[in-house]
Amino acid sequence: KKNFSIKHVIQAFEKISKLKVLIIGELILDQYIFSETIGKSAKDTMLVVKETESKMYVGGGGSITKNISNFIIKKKNISLLSYLGEKKEYLNEVNKFLGKEIKKFFIYKSNSPTIVKKRFIDKINNSKLLGVYSFSESEISSKEENKVINYLDKNLKNFDLVVVNDFSHGLITQKIAKKISKNSNFLSVNSQVNSSNLGFHSIKNFNKLNCLSINERELRHELRDRQSDIKKLIKILAKNKNFKNILVTRGSEGVLLYSKVKNKFYTCEAFANNVVDKIGAGDTIHALFSLCLRCNVDLDMALLISSLAAAENIRSYANENLIYPNKILKVISHMLK
């Protein structure tokens, strides 16, 4: 209230609306199977549930692209580089979700399905019972890699901002990561630890980032350090990899940002008061903060905008609740009264 008015936020969104953005990351279809628990099987040591409803959402690189596009005036200035399975499963659903104007460059990964992550949900208490994932752990083939490299050689310099979400499902090879790091005008990366890459995950292939978005667990995993003060670890990583900004998400403790240029830490609390599903919250913070950072939005304001977007995201399953500028403006207007 002392430093900003709603006018400053509107001006920030006006700058963001003119950006040309490339999003790179695996497409993920999130299927939520809602069920009622019947009880233990009479013949086996397993839980038996009754399916009541099933919903499918476009997630991963798809939902990130859609949320970013809601802040850009000309949708043709948004491009997505991703892959689907070799049989092009769910291509129509993805295209319908993204719309015709957003540009898409898809690889159809050989010997691989489109990534589908099924989650069985107890409808009574909203708890996740089981996850069943369909994906290939292998990297894209050398032929597919060359297609991506050729696309990047032709197009990378045309974008004001490159947003990378590396879900470690084979799209971003070492060669591709180095190409992105070297040739992007402004690069923001979120590289994630998940159930399929634990013990193998690393951000070593990326260098000279304008921003790295990572959660506290991923940071400690990267530096193999469970105990040290988190600010100390952030500074070590920033120095070792020449990252200009490191954004660490900490769940209910909010976010912690380190600006190497200013040698200063910034914090913002978590605003969620109705948590339905945390899937995609980190992706949302990364996407919105990247947009703000590229437009030189004040860092305190950028953290506020990003954190409010994440709070909006987790009020629903997956990406059912898309993020729009007006939603953020409405909440900030109320806060500033």
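What follows is a walk through an open sheet and a nonpolar surface patch in a predicted model.

The sheet first. Nine strands make it up, running in the order β5-β4-β1-β8-β9-β10-β11-β12-β13, with mixed pairing. At the edges stand β5 (103-109) and β13 (264-268); each has a single partner strand, so one side of each is left with no neighbour in the sheet. From one strand to its neighbour, the turn averages 15° if direction is ignored.

Within this sheet, strand β9 (residues 187-191) pairs with strand β10 (residues 211-215) in the parallel sense, and three bridges hold the pairing record. Along this pair, V189 sits opposite L212 in β10. Helix α6 (residues 216-223) packs on the sheet here, where it touches β9, β10 and β11 (245-249). As for how the helix lies, the direction of α6 makes about 100° with that of β10.

Now for the surface. A nonpolar patch is formed there by L47, L129, L130 and V132, and together these residues have about 330 Å² of accessible area. The most is given by strand β7 (residues 127-134), which puts three residues into the patch. L47, also a patch member, is found in strand β3 (residues 47-60). Its relative accessibility is 49%, and L47 therefore counts as partly exposed, since exposed would take over 50%.

Definitions and conventions. Residues numbered from 1 in each chain as written. Predicted model: local features only at pLDDT ≥ 70, side-chain atom pairs only at ≥ 80, totals over all residues. Heavy atoms only, no water. Pairing = 2+ DSSP bridges. Helix = DSSP H or I, 4+ residues; strand = E, 2+ residues; numbered from the N terminus. Axes fitted to C-alpha atoms, helices over the stretch in contact; angles between N-to-C directions. Contact = heavy atoms within 4.5 Å. Patch = residues over 30% accessible without salt bridge, like charges linked within 9 Å, V, L, I, M, F, W, Y side chains within 5 Å. Areas by Shrake-Rupley, 256 points an atom, 1.4 Å probe, with all protein chains shown as cover. Salt bridge = Lys/Arg side-chain N within 4 Å of Asp/Glu carboxyl O. Buried < 20%, exposed > 50% of the residue type's maximum accessible area, 1.4 Å probe, protein only.
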